[in-house]
Amino acid sequence: MKQVWTIARRDFRSYFASPIAYIVIAGFLAIMGYMFFFNLDHYVSQNMQYQQMHMGKPVSITDGIVHPVYGNMNVIYLFLLPFVTMRLFAEEKKMHTIELLMTSPVTLTEIILGKYLAAVLLVAVMLSITLVYPVVLFWTGNPDTGPIVTSYLGTFLCAACYLAIGTLFSAVTENQIVAGALTFTVTLFFFLISWAAYSAGPVWSDVLMYLSIITHFNNFGQGLLSTSDLVYYVSFIFFSLFLTHRVLDSYRWR
């Protein structure tokens, strides 16, 4: 575990030694800040209309703000996280430092976990900055704590799946642009695969819905924790990192 943390710390620092981390974090905060305050303003305006016109029960903070904001956060990560993972192994392979890393006194599993952990820590930093959103919600209203906590957990797991896919494709090629493009394409596929479920047969519909990354986030956004959703995300991450190990192991013996 010490070796994993050493590699993770080295790669995490390297993000901030280049413009990548600053650009990704700044872009993420700018887009999410706009989305949050747009949804907050829309929620306030909508509820004022409900009260003035006596249109019944107003929209809850969970449905009006929490669910759309954190749901959209997963879309933003879809576009930004390929920039985080594309350099993990592709840069090492291009600079021919991967050979030195593989001959160092660390296992291939520790290398993969260390690099993956570095990317996960960067996402954790991005998420931690957005904790200002719940602070604003509690300051201006009385939101349910459960959906906020589970939304953060679901978003983190969803982003972790994106990162696992990105780690795999960064190991496949030495071209960072290709790695980023492949990561975006595959994550978009798993994001949109649920759309095909509506036109598929009964059996395939269930299969496609289960394979969709965003489908498993819906319960988290509503404040629900499901074992099947947790198993899906953990299995997805494990399988992606397992394939990464197989790719790098075959590269090592070329």
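## A first chat about the chain

Analyst: Let's begin with contacts: taking pairs of residues at least 6 apart in sequence, 74% of the contacts in the chain join residues at least 24 apart. Keep in mind that this is a predicted model.

User: Thanks! How many helices and strands does the chain have?

Analyst: The secondary structure comes to 12 helices and 0 strands. Reading along the sequence, you get the pattern α-α-α-α-α-α-α-α-α-α-α-α.

User: And what radius of gyration does the chain have, next to that of a compact globule?

Analyst: The chain has 20 Å, and a compact globule with 254 residues would have a radius of gyration near 18 Å, so the two agree. If you prefer a box, the C-alpha atoms fill one of roughly 70 × 45 × 30 Å, taken along the principal axes.

User: What share of the residues count as buried?

Analyst: Of the 254 residues, 46% count as buried. As for the surface, the accessible area of the chain comes to about 13000 Å², and 70% of that belongs to carbon and sulfur atoms.

User: Switching to charges: how many positive and negative side chains are there?

Analyst: There are 12 positive and 12 negative side chains, and the centres of the two sets lie 11 Å apart.

User: Let's look at single residues. Where is asparagine 74?

Analyst: You'll find asparagine 74 in helix α3, which covers residues 61-85.

User: Is asparagine 74 buried or exposed, and why?

Analyst: Asparagine 74 counts as buried because its relative accessible area is 0%, and the cut-off for buried is under 20%.

User: Which residues does asparagine 74 touch?

Analyst: Setting aside residues up to four places away in sequence, asparagine 74 touches Thr155, Cys158, Tyr162, Ile214 and Phe217.

User: Next up, threonine 150. Which helix is that in?

Analyst: Threonine 150 belongs to helix α8, residues 145-172. With 8% relative accessibility, threonine 150 counts as buried.

User: What does threonine 150 touch?

Analyst: Not counting residues up to four places away in sequence, threonine 150 touches Phe220, Gly223, Leu224 and Leu225. For phenylalanine 220 there is also a distance to give: its backbone oxygen lies 2.6 Å from a polar atom of the threonine 150 side chain.

User: How are threonine 150 and leucine 117 separated?

Analyst: They are 33 residues apart along the chain, and their C-alpha atoms are separated by 21 Å.

User: What about glutamate 91 and glutamine 176?

Analyst: That pair is 85 residues apart along the chain, with 6.8 Å between the C-alpha atoms. Glutamate 91 itself lies in helix α4, residues 90-94.

User: Why is glutamate 91 called partly exposed?

Analyst: Because the relative accessible area of glutamate 91 is 30%, and partly exposed lies between the 20% and 50% cut-offs.

User: Which side chain has a polar contact with that of glutamate 91?

Analyst: The side chain of arginine 87 does, in a polar contact of 2.9 Å.

User: Last one: where does serine 212 sit?

Analyst: Serine 212 is in the loop between α10 (202-211) and α11 (217-221). Serine 212 is buried, with a relative accessible area of 0%.

User: And what are the contacts of serine 212?

Analyst: Leaving aside neighbours within four places in sequence, serine 212 is in contact with Phe190, Phe191, Ile193, Ser194 and Tyr232. The side chain of serine 212 is also joined to that of threonine 215 by a polar contact of 3.1 Å.

Terms used
Residues are numbered from 1 along each chain as its sequence is written. This is a predicted model: local features need pLDDT of at least 70, side-chain atom pairs count only at pLDDT 80 or more; totals for chains, interfaces and linings use all residues. Side-chain values use heavy atoms; hydrogens and water are left out. Helices (H or I, at least four residues) and strands (E, at least two) are DSSP runs, numbered from the N terminus. Buried means under 20% relative accessible area, exposed over 50%, partly exposed in between (1.4 Å probe, protein chains only). Contact means heavy atoms within 4.5 Å. A polar contact is a pair of N or O atoms within 3.5 Å; within protein, one must be able to donate a hydrogen and the other to accept it, and residues adjacent in sequence count only if both atoms are side-chain atoms. The radius of gyration is taken over C-alpha atoms; the globule rule is 2.2 Å times the number of residues to the power 0.38. Accessible areas come from the Shrake-Rupley method with a 1.4 Å probe; for residues, only the protein chains shown count as cover. Lys and Arg count as positive and Asp and Glu as negative; His and the chain ends are not counted. The place of a charge is taken as NZ of Lys, CZ of Arg, CG of Asp or CD of Glu.
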